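Here are a few short exercises to work through with the model open beside you. Try each task before reading its solution.

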Amino acid sequence: MFRGIRFKLSLVTFVLIAAISTGSFVVVINIIDIFLSGELLKKGFSTARSTATIAGYNITSGDRLALDNLVVKIKQSHKDIIYVAVVGEDKAIKAHSNLELTGKNFSRSSGELIKQETDGSIVRRIKGEGKSFYEFATPIIFSDKKIGEIFLGINDDSLISSKIWARRRIILVFVSALVVGVPGIFFLSTLVTTPIRRLTDSTSRLKAGKYEGEIRAVSRDELGVLTGNFNEMAKVIKNQENKLDHYAKELESSYLSMVRILAAAIDARDKYTLGHSTRVAKLALLIGEKLDLKEEELRDLELVCLIHDVGKIRTPDIILNKDARLNGEEYRIIMKHPEHGAEILGLSKSLHKYIPAVLHHHEWYNGNGYPSRLKGDEIPLFALIIATTDAYDAMTSSRSYRVGISKESAVNEIIKFKGTQFDPHITDLFLETLRDYENGRSFSFLEMPA
């Protein structure tokens, strides 16, 4: 019996299935581990960099209360954040989520270096006393000078729990598949080739992320059960992917919240333009609806509107809050804010897609704008939309040295410069948007600002 071809073929087939299952298990676990760890690092670096951007302004302005408020809010908004610390160049803690540590010297924890970014940001894994966490460190840069660092501790309990849960479920499915498949392999060895080939192909597709559906079971015997167990395993993996997607969406929600905080901080520097970015975003989204932009595109449009003036972080307060018109040199300085904004967004890979709109939102349709003198279709769509809504809000907003003009006068100015400063098609959609609002039409995305 043990020398027969059936036994040998069954044994070889069983060993092959065991090897494939083990290899698939290792690959799937590795993919899940890499994905979960990568999402944690993305969240940590994104939160640390956003915090550093806001903290840089607060440090230079000497606003200690704003720093304390910043670190406390960030810790409260993320359950897995252990601490947030703003540390000066002298190693003294300027702000800490544990207020009792403010003013003391910061002692950097020693641990395994996990990753180092080109902008100087690093993350270490700290272990000790039966606990472990990730510590992110990001330099605070203001006017091209390092003025401190942000330290962020993130608990890895949720990451470890997710990995353990995934491994247990996948092991259970693999063991079940092997146990049920043994009788079928031994007694029906001649029929093993086809199911094994299908399992191998499906495992490869699953590994490559191209798995499209269940494997068709050609019989109701053990091999059919094995096929069914593989399908169950695939469902477990797909369900895990869905949970990971949900986790990613939560990260995105936190990321968008940080962007909104950043936009509010930018607008708050100039009391006369407080809320400017939000109003520009609302108007832009109404135009985006008329362009039939998809939901993801509308979300990107809203975000880039909120941060289109991020470069003004580098503009001195004496220029932003001047009670008179700017002179030539001051105007040249403020004209640099699109380029400064592009440089700031360039520090994070996740923000690179917003650079074109931020860099070119002051270009003119006829090529007389700045900084690159682009014209016509050379100008990105989002930049064309922002150029129109930004100009409208600027004209209707009051400044210390002038009162904002009426909406009717602002509309006439935009019509006057249609085809020169503003894109004709975007201008028509903008005017149509205003008429629709005046006629009481409701919009599905956001309401028109007052």
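Two residues are in contact when heavy atoms of theirs lie within 4.5 Å. Keep in mind that this is a predicted model.

**Exercise 1. Find which residues Leu301 is in contact with, leaving aside its neighbours within four places in sequence.**

Solution. Start at Leu301 and skip the sequence neighbours within four places; the contacts are then Ala284, Leu285, Gly288, Leu293, Phe382 and Ile385. Next, put Leu301 in a wider setting: the largest nonpolar core has 82 residues, and Leu301 is among those that touch the most other members, along with Val86, Phe136, Ile140, Val304, Tyr392 and Phe430. The largest share of this core comes from helix 1 (residues 5-61), with 13 residues. Another core lies apart from it and has ten residues, including Tyr83, Val87, Ile93 and Ile126.

**Exercise 2. Work out how helix 7 (residues 295-306) and helix 12 (residues 381-396) cross.**

Solution. First, look at the axes: those of helix 7 and helix 12 come within 11 Å and cross at roughly 55°. Helix 7 is therefore oblique to helix 12. Now for the hand: the crossing of helix 7 past helix 12 is right-handed. Finally, list the residues that make the contact: helix 7 supplies Glu297, Asp300, Leu301, Val304 and Cys305, while helix 12 supplies Phe382, Ile385 and Ile386.

**Exercise 3. Decide whether Arg299 and Glu330 are buried, partly exposed or exposed.**

Solution. The cut-offs you need are under 20% relative accessible area for buried and over 50% for exposed, with partly exposed in between. Arg299, which sits in helix 7, has a relative accessible area of 28%, so Arg299 is partly exposed. From Arg299 to Leu285 is 14 residues in sequence and 8.6 Å in space, C-alpha to C-alpha. Glu330 belongs to helix 9 (residues 328-334). Its relative accessible area is 16%, so Glu330 is buried. Beyond the neighbours within four places in sequence, Glu330 is in contact with Ile319, Lys322 and Arg325.

**Exercise 4. Trace the order of the six strands in the open sheet, and say which are the edge strands.**

Solution. Walk across the open sheet and you meet the strands in the order 2-1-6-5-4-3, with antiparallel pairing. At the edges are strand 2 (93-96) and strand 3 (112-116), each of which pairs on one side only. From one strand to the next, the twist averages 20°. Then zoom in on strand 2: three bridges join it to strand 1 (residues 81-88) in the antiparallel sense, and His96 in strand 2 is the bridge partner of Ala85. Helix 2 (residues 64-77) lies across strand 1 and strand 2, at about 155° to strand 1.

**Exercise 5. Describe how strand 5 (residues 131-142) is covered and how strand 5 pairs with strand 4 and strand 6.**

Solution. Begin with burial: ten of the twelve residues of strand 5 are buried, so this strand is mostly covered. On to the pairing with strand 4 (residues 122-128), which is antiparallel over seven bridges; here Val123 stands opposite Phe136. With strand 6 (residues 145-155), strand 5 pairs in the antiparallel sense over ten bridges, and Ile140 stands opposite Gly148. The last step is the hairpin of strand 5 and strand 6: two residues lie between the strands, and Ser143 takes a positive phi near 55°.

Terms used:
Residues are numbered from 1 along each chain as its sequence is written. This is a predicted model: local features need pLDDT of at least 70, side-chain atom pairs count only at pLDDT 80 or more; totals for chains, interfaces and linings use all residues. Side-chain values use heavy atoms; hydrogens and water are left out. A nonpolar core is a set of buried Ala, Val, Leu, Ile, Met, Phe, Trp, Tyr and Cys residues joined through side-chain atoms within 4.5 Å. Buried means under 20% relative accessible area, exposed over 50%, partly exposed in between (1.4 Å probe, protein chains only). Helices (H or I, at least four residues) and strands (E, at least two) are DSSP runs, numbered from the N terminus. Two strands pair if DSSP finds at least two bridges between them. Axes are lines fitted to C-alpha atoms, for helices over the stretch in contact, and angles run from 0 to 180 degrees between N-to-C directions. Angles under 35 degrees count as roughly parallel, over 145 as roughly antiparallel, 65 to 115 as roughly perpendicular and the rest as oblique. A crossing is left-handed if the near helix is turned anticlockwise from the far one by less than a right angle, and right-handed if clockwise.
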